[in-house]
Amino acid sequence: MTDSDGGSGAGSEADGTAQQREKFYTPAGAPLKALRKTLAPHTFNSAAKRIRIEKLGRTDTQELRRQEENAADLYGTVTNLRCMASQVGDKRPISSVKFSPCEKYVLTSSWSHQSAVWSEETMEKSRTYVGHRDRVLEADWHPKAGLPSGPSPTAVNFATASADGTAMLWALDDGEKPLAKLEGHAARLAHVAWHPIGSHVATTSYDRTWRLWDGTTAKEVLCQEGHAVEVYSLAFQGDGALVATGDLGGVARVWDLRSGKSIFLMQGHSKGVLSIDWAPNGFKLATAGDDHTVRVWDLRSKACEYTIPAHNHLVSKVKFAPVSGEYLVSSSYDRTVKLWSTRDFSCLATLPAHDDKVMSFDISRDEKRMLSSGFDRKFKSWSRSFLS
């Protein structure tokens with residue numbers, strides 16, 4: 001176990017002596033200590049800014065009115081989403097689909113061992129990236145990819161995770177080979193995600209660990225144990241202080257990156273936790289399960305706030321509206337995408353998204369457009385019809 005609480009005890013003796021357990025710690029290495037020194041002031045400042053905005057929304061009448069008008073507009077939009085474009089993206093299922101931070105591009109990954117970047121406007125392919133030896137299960141943009149202040153097209157712009165047990169870092173301008181390969185996991189990977197500050201990237205694996213890597217050196221910074229079975233899902237809190245992980249046994253944990261401690265254990269799903277996402281407010285998060293439900297958790301009370309019987313098949317992904325948090329979206333192998341109000345968890349809309357299992361989706365920053373991808377080898381663009 002790396003730099004976190006853990007039990008290490010001797011077994012019961014023949015005379016029935018009670019089992020003894022004590023905490024143990026593995027000292028953090030220099031790269032991890034350096035990261036924590038950077039993280040602490042960043043997360044404190046980010047959280048302070050978020051709290052100031054939240055307080056303004058509760059005390060300023062004009063700001064409250066603006067938020068209510070925005071919510072009404074959003075609900076009017078998302079209840080009238082229509083498929084505006086559909087593209088066959090590969091010869092095998094599309095495992096993930098994501099808007100770039102600048103929203104000019106779309107990133108897809110597939111079971112055909114490759115990923116691709118597309119024009120968001122025309123849905124035409126810009127480049128294919130081939131390097132993995134097995135299915136690419138997730139791809140994630142660098143948080144500043146495509147932005148004026150972000151990395152250049154020849155620097156790291158996105159990461160991929162594969163069933164071949166490796167993750168790879170890619171530049172937009174080079175589809176022939178990755179910039180770096182992240183090797184160290186002992187089994188297939190399930191998820192990859194960039195930390196909000198863009199310096200590090202995390203992976204989850206069937207080897208029962210999740211790991212944090214330096215995005216510049218491609219070196220492992222942290223190997224974290226703590227789950228009893230395969231670790232599948234992962235999501236960073238927007239402030240960057242916390243990360244949540246979920247395993248195939250139905251257990252999820254919240255970790256404090258500044259200390260390495262597991263601070264919240266989430267138990268409730270009867271099957272695997274396949275997706276996790278944080279609400280913009282920083283203290284609520286949602287988990288999606290193989291048990292067909294979505295659970296919403298409150299970090300303040302350390303309890304499940306609500307259980308949504310969301311679908312009649314496993315829930316492949318869950319995500320909050322990224323700015324307002326006014327609604328929650330879930331996708332499922334029942335071929336649908338559903339939108340839920342976070343005020344009362346009522347169903348706002350059900351989209352008959354694909355002809356087969358829905359693997360993934362994403363939400364635009366204006367919260368009025370969506371992407372979805374499926375087992376039918378297609379990815380689709382959704383927005384409000386001008387006729388609705």
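**Strands, a core and a proline: questions on a predicted model**

Author: Let's start with one pair: Phe236 stands opposite Val243 in E17. This is a predicted model, where local features need pLDDT of at least 70 and side-chain atom pairs count only at pLDDT 80 or more, while totals for chains, interfaces and linings use all residues. Residues are numbered from 1 along each chain as its sequence is written, and side-chain values use heavy atoms, with hydrogens and water left out.

Reader: What makes E16 and E17 a pair?

Author: Two strands pair if DSSP finds at least two bridges between them. Here 5 bridges join E16 to strand E17 (residues 242-247), so the criterion is met, and the two run antiparallel. Each name stands for a DSSP run, numbered from the N terminus (a strand E needs at least two residues, a helix H or I at least four). The two strands form a hairpin with 5 residues between them, and Gly240 in the turn has a positive phi of about 90°.

Reader: Why is strand E16 called largely enclosed?

Author: Buried means under 20% relative accessible area, exposed over 50%, and partly exposed in between, using a 1.4 Å probe and protein chains only. In E16 (residues 231-236), 5 of the 6 residues are buried, so the rest of the structure largely encloses this strand.

Reader: Which residues have the most contacts inside the largest nonpolar core?

Author: They are Trp210, Leu212, Leu234, Phe236 and Val243, in a core of 16 residues. The set counts as a nonpolar core because its members are buried Ala, Val, Leu, Ile, Met, Phe, Trp, Tyr or Cys residues, joined through side-chain atoms within 4.5 Å. H1, E14, E15 and E16 each supply at least two of its residues. In soluble globular proteins, nonpolar side chains tend to be buried together.

Reader: What does Trp210 touch?

Author: Contact means heavy atoms within 4.5 Å. Leaving out residues up to four places away in sequence, the residues that Trp210 touches include His185, Leu222, Leu234, Val243, Trp255 and Leu257. Its bridge partner in E15 is Gln224, and 4 bridges join strand E14 (residues 210-214) to E15, in an antiparallel arrangement.

Reader: Why are E12 and E15 said to stand at the edges?

Author: The open sheet has 4 strands in the order E12-E13-E14-E15, with antiparallel pairing. Strand E12 (189-194) and strand E15 (220-224) each have a single partner strand, so one side of each is left without a neighbour in the sheet. The twist averages 15° from one strand to the next. Helix H1 (residues 30-59) lies across strand E13 (200-205), E14 and E15, running at about 95° to E15; that angle, on a scale from 0 to 180 degrees, is taken between N-to-C directions of axes fitted to C-alpha atoms, for helices over the stretch in contact.

Reader: Why is Pro101 called partly exposed?

Author: Its relative accessible area is 25%, which lies between the two limits, so Pro101 is partly exposed. Pro101 sits in the loop between E4 and E5, and 5 bridges join E4 to strand E5 (residues 105-110). Not counting residues up to four places away in sequence, Pro101 touches Trp141, His142, Pro143, Lys144, Ala145 and Leu147. The C-alpha atoms of Pro101 and Pro148 are separated by 11 Å, although the two are 47 residues apart along the chain.

Reader: What is the mean pLDDT of the chain?

Author: On the scale of pLDDT, the predictor's confidence in each residue from 0 to 100, the mean is 92, and 93% of residues reach 70 or more. Over residues 1-19, though, the pLDDT is below 50, and this stretch has 44 contacts in the model beyond near neighbours in sequence.
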